[in-house]
Structures are given as C-alpha cells and as structure tokens.
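The following questions and answers go through one protein chain, using its sequence and its structure. The model is predicted.

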Amino acid sequence: TDDEEGFVSRLGTAVCWSIVNAFVFIALLLAMYMTSGFVDLRITVLEPWLVAPGTPDVNGDIITVNTNTAAAAIGFFDPSLDKTPAWEDVKNGYASYAIQTIRTSWMVYILALLSFLGWCLMTIFAGIGMVSLPMDMISAWYNRPRPIDLKQFAEKKLQLKKRCEELIAVGKETKDKFKTRPNRFKETRFTNKFKKMVIDLEDEMSVLNMCYKKNEINPLIPWFNLIGGIFCAVITISWWLQLILEVFLAGLLGPYLSSIFTSLSGAFPLFGIVAYGVFAFYILIACIKGSITFAGRFFLISMHPMKLNGTMMNSFLFNVALILLCSISCVQLCARAFKGFAHSSAISQLFVTQVEYLRYFSWFYSSQVPIFYTLLMFISLFQLIYALVCMCCCAKQQAETVEDAMKSLRRERDT
C-alpha cells in the first residue's frame with residue numbers, strides 16, 4: 001500500500017507512469033496527425049481559356065462563344081488592366097471541380113480534436129439544457145414559496161425528518177452490502193441516485209424554512225424566474241430556427257439571425273457583438289443545466305449543481321472543465337450557424353474552412369448530413385416531447401408514506 005512505501009518510491013512511481021502516459025499520448029497524437037492532418041477542400045476551377053465553341057459547360061449547355069476572345073475582352077488575362085472581371089462575366093464559362101489537399105498545422109489539428117470531444121458532450125448536454133433551462137425556470141415561478149402557518153410547518157418538517165432518517169439507514173445498509181459484494185457500476189449508480197435524493201431533501205428543507213419565515217421570501221425572484229424562463233424559451237426557439245435555416249437548409253430561406261446581428265452592428269457595433277455573445281453564452285449555460293438534468297435522470301454521472309453560497313469545490317471544477325471543453329465546439333457552432341455575420345472573420349476561416357473539412361472529421365460536419373448538428377436538434381426536440389408528456393400525462397404522484405419513498409432506492413441497490 002501507499003502507507004508502506006516511502007516518499008521517494010511513490011514519487012518515482014508517479015513520475016514513471018506520467019512519462020509512460022505522456023509518451024503514449026504523444027505517439028498516438030502524432031500518428032493521428034500524420035494520417036488525418038489534411039484538409040480536403042472542394043474547389044471550383046474556371047478555365048475559360050481552354051474551351052472552344054461547341055464544348056458543353058458545367059450545366060450541360062453548348063458554348064457558342066470563343067471563351068478566349070471573351071476573356072480577353074473583359075481583361076481577364078491582361079494584368080496591366082485594373083478592371084477585375086465580374087462573376088457574371090465568367091460564371092457561364094467552363095468550370096470543373098477538384099479536391100485540393102492542404103496539410104494543416106498541428107495547432108489546428110489539436111483544436112479540432114478538442115472541438116470533437118466538446119461536440120460529443122455538447123450535443124447531449126446542450127440539447128437537454130436548451131429545453132430544461134426555460135421549463136425549470138418557469139416551473140420555479142409556478143411552484144414559488146408561499147407562506148404557511150406553524151401547524152403546516154411542523155407536519156412537513158416531521159415528514160422531512162423521517163425521510164432523512166430513512167436515507168441515513170439506507171446509506172448504512174448499502175455501505176455494508178457493497179463491502180461484501182462489490183459492484184462498481186451498481187455502486188456508482190446507487191451513489192448518484194442517493195446523492196440526488198439528499199440534494200432534493202436539502203432543497204425542500206430550504207424552501208420549507210423560507211415558507212415559514214415569511215420575511216425571507218423575496219417576491220421578485222419568482223417573477224425574475226418567469227421572465228428569465230420566457231427569455232430562455234425565445235432564445236431556444238431562435239436557435240432551432242437558425243439551425244434549420246442556416247445549417248439544414250443552407251440559407252435558402254434567408255440568414256435570419258445573421259441579418260439581425262448585421263443590422264444591430266450597423267446601428268452600433270457593440271449591439272451586434274452583445275447579441276451574438278448572448279446566443280453563444282446561452283449554449284454554455286445550457287450545457288451546465290443539461291449535465292445536471294442528465295445526471296439527475298440517468299444517474300450515470302454525479303450531479304454537480306451550482307447554488308449561491310452552496311456550491312462544492314468539486315462542482316466548481318467539474319462545471320469549469322465542462323465549459324472549457326464545450327467552449328471550442330460552441331465557437332464552431334456559432335461560426336457555422338451565424339456564418340453570414342461571421343463571414344471572412346478569422347474564426348470562420350479557422351473552423352468553417354479548415355476544421356470542418358479535415359479528413360475523417362468532415363463526416364460529422366458534412367453539409368449533406370451534419371451528424372453533430374442533427375443530433376443536437378434531435379436530442380433537444382426529444383427532450384421537449386419527453387418533458388411535455390411527463391408534465392401532462394405521466395406526472396408521478398408523491399409517495400403517500402415514507403416507506404414508499406424509499407422502495408425505489410432499495411430496489412436500485414438490491415437489483
């Protein structure tokens with residue numbers, strides 16, 4: 001064990017394993033970079049000087065004009081002329097398509113890897129959070145604390161006390177059970193479910209004290225939740241429309257939000273930047289909310305809620321790591337969804353031109369079947385349907401007794 005080994009021995013073991021892991025990681029990264037660190041760009045090649053009359057163009061029409069003469073007439077080949085040929089003058093000429101392969105830099109490749117990992121999390125967490133964030137804020141307004149008398153307070157407090165005692169008893173029983181029959185997956189899932197029940201119990205106790213101490217009820221907070229929930233719902237719907245119009249329909253019906261951002265920037269540059277930032281930061285907030293909702297429903301990961309004056313340090317670290325990992329994919333999402341506003345910017349050239357056309361990575365960002373964008377929309381809409389069905393048709397009734405409230409927890413432990 002660690003206690004039996006000396007400090008030097010433990011330090012040497014840690015250094016050795018760190019070197020081995022670093023070597024394996026660097027070797028794997030170099031192998032991936034050497035095999036897939038290429039950008040395959042599909043380009044259009046215009047060759048009017050190579051085409052004679054009678055040759056079909058890219059649309060299948062027969063060319064009747066000598067393109068050499070036409071090109072010379074507009075000064076296409078004369079560098080001494082300052083006149084630049086218009087697109088209308090050359091677009092009907094002969095055109096061919098080709099794939100130009102470019103070696104990308106290792107920094108861009110690492111950025112693409114981080115963005116890919118961020119997308120794997122963001123499609124799940126942001127898709128869930130875009131729906132659960134506005135619905136939970138509106139639900140917080142609907143279930144806002146209301147004043148109660150001493151009798152109601154005593155009855156509810158007694159119920160919470162019994163639940164607390166039951167949770168303590170179940171926790172002690174489970175500790176002995178997993179010592180004799182260890183099962184890592186069941187233990188992790190049970191621990192996460194147990195933690196959620198403890199957090200719910202703490203929240204109920206906090207709300208109960210607030211209801212009894214009428215002076216502690218802030219009447220503005222519930223209405224702030226209502227206004228914030230409506231605002232978040234508008235942002236979510238706007239994101240859905242923008243993804244449908246700009247990503248799935250390739251801008252055929254108009255840029256929508258991009259034109260709004262451009263108009264705001266025309267009025268005052270800061271307005272467009274702020275509006276763009278609101279939609280970007282909303283995705284990151286939705287990721288945090290989605291991770292909490294996902295953890296509280298499937299119990300595959302631990303819950304890390306953010307509470308004012310009540311957030312644990314590990315929850316801070318988890319959510320900060322989640323934001324850092326999803327921020328790169330969030331930037332890529334905004335660059336693609338708002339490419340009319342971010343056109344010709346450095347970030348657009350980086351993500352839309354390079355990262356999305358990296359070899360093998362392009363399968364997930366393809367304009368024909370954008371896998372990540374499709375998953376984001378599908379999970380978000382599925383969460384909306386699931387939440388509405390649960391709210392309207394399948395709402396769970398609260399347990400009538402304390403024993404009934406703990407049955408599911410014990411079943412989770414014993415199965």
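Q: Over residues 49–53, where pLDDT stays under 50, how many contacts beyond four places in sequence does the model have?
A: The model is predicted, and the mean pLDDT of the chain is 80, with 78% of residues at 70 or more. Residues 49–53 stay under 50 in pLDDT. The number of contacts that the model has for this stretch beyond four places in sequence is twelve.

Q: How many contacts beyond near neighbours in sequence does the stretch 395–402 have in the model?
A: Over residues 395–402 the pLDDT is below 50. Beyond near neighbours in sequence, the contacts of this stretch in the model number six.

Q: Among contacts between residues at least 6 apart in sequence, what percentage joins residues at least 24 apart?
A: The chain has 14 helices and two strands. Of its 415 residues, 33% count as buried. Among the contacts between residues at least 6 apart, the share joining residues at least 24 apart is 77%.

Q: Which helix gives the most residues to the largest nonpolar core?
A: This core has 53 residues, and those touching the most other members are Met122, Trp239, Leu243, Ile283, Leu333 and Phe338. The elements that each supply at least two residues include H1 (7–36), E1, H4 (106–142), H7 and H13 (371–392). With 13 residues, the element that gives the most is H4.

Q: Which residues, leaving aside neighbours within four places in sequence, is Met122 in contact with?
A: Met122 is one of the core members that touch the most others. Beyond four places in sequence, its contacts are Gly127, Ile283, Cys287, Cys326, Ser329, Cys330, Leu333 and Leu376.

Q: How many residues are in the other core, which lies apart and has Phe153 and Leu160 among its members?
A: Leu201 and Leu208 also belong to this other core. Its residues number eight.

Q: Is Ala126 buried or exposed, and what is its relative accessible area?
A: Ala126 lies in helix H4. Leaving aside neighbours within four places, Ala126 is in contact with Leu121, Ile283, Ala286, Cys287 and Leu376. Buried means under 20% relative accessible area, so Ala126 counts as buried, at 0%.

Q: How far apart in space are Ala126 and Leu284, C-alpha to C-alpha?
A: In sequence, Ala126 and Leu284 are 158 residues apart. In space, C-alpha to C-alpha, the separation is 7.4 Å.

Q: Why does Lys177 count as buried?
A: Lys177 is found in helix H5, residues 150–180. The cut-off for buried is under 20% relative accessible area. Lys177 counts as buried because its relative accessible area is 17%.

Q: What is the phi of Phe299?
A: Phe299 is placed in the loop between H9 and H10, and is buried at 10% relative accessibility. Most residues other than glycine have a negative phi. Phe299 is not a glycine, yet its phi is positive, at about 60°.

Q: What is the relative accessible area of Tyr360?
A: Tyr360 is found in the loop between H11 and H12. Its phi is near 75°, a positive value in a residue other than glycine. Tyr360 is partly exposed, with a relative accessible area of 43%.

Q: What is the volume of the second largest pocket?
A: This pocket is lined by 21 residues, and the closest to its centre are Val352, Glu356, Tyr357, Tyr365 and Ser367. By class the lining has nine nonpolar, five polar and seven charged residues. The space in the second largest pocket is about 570 Å³.

Conventions:
Residues are numbered from 1 along each chain as its sequence is written. This is a predicted model: local features need pLDDT of at least 70, side-chain atom pairs count only at pLDDT 80 or more; totals for chains, interfaces and linings use all residues. Side-chain values use heavy atoms; hydrogens and water are left out. On a 1 Å grid over the protein atoms alone, a cavity is a set of points where a 1.4 Å probe fits but cannot get out, and a pocket is an open set with protein on both sides within 12 Å along at least five of seven lines; lining residues have an atom within 4 Å of a point. Grid points are joined across faces, edges and corners, and a volume is the space filled by probe spheres set on the points. Ala, Val, Leu, Ile, Met, Phe, Trp, Tyr, Cys and Pro count as nonpolar, Asp, Glu, Lys and Arg as charged, and the others, Gly among them, as polar. A nonpolar core is a set of buried Ala, Val, Leu, Ile, Met, Phe, Trp, Tyr and Cys residues joined through side-chain atoms within 4.5 Å. Buried means under 20% relative accessible area, exposed over 50%, partly exposed in between (1.4 Å probe, protein chains only). Helices (H or I, at least four residues) and strands (E, at least two) are DSSP runs, numbered from the N terminus. Contact means heavy atoms within 4.5 Å. pLDDT is the predictor's confidence in each residue, from 0 to 100.
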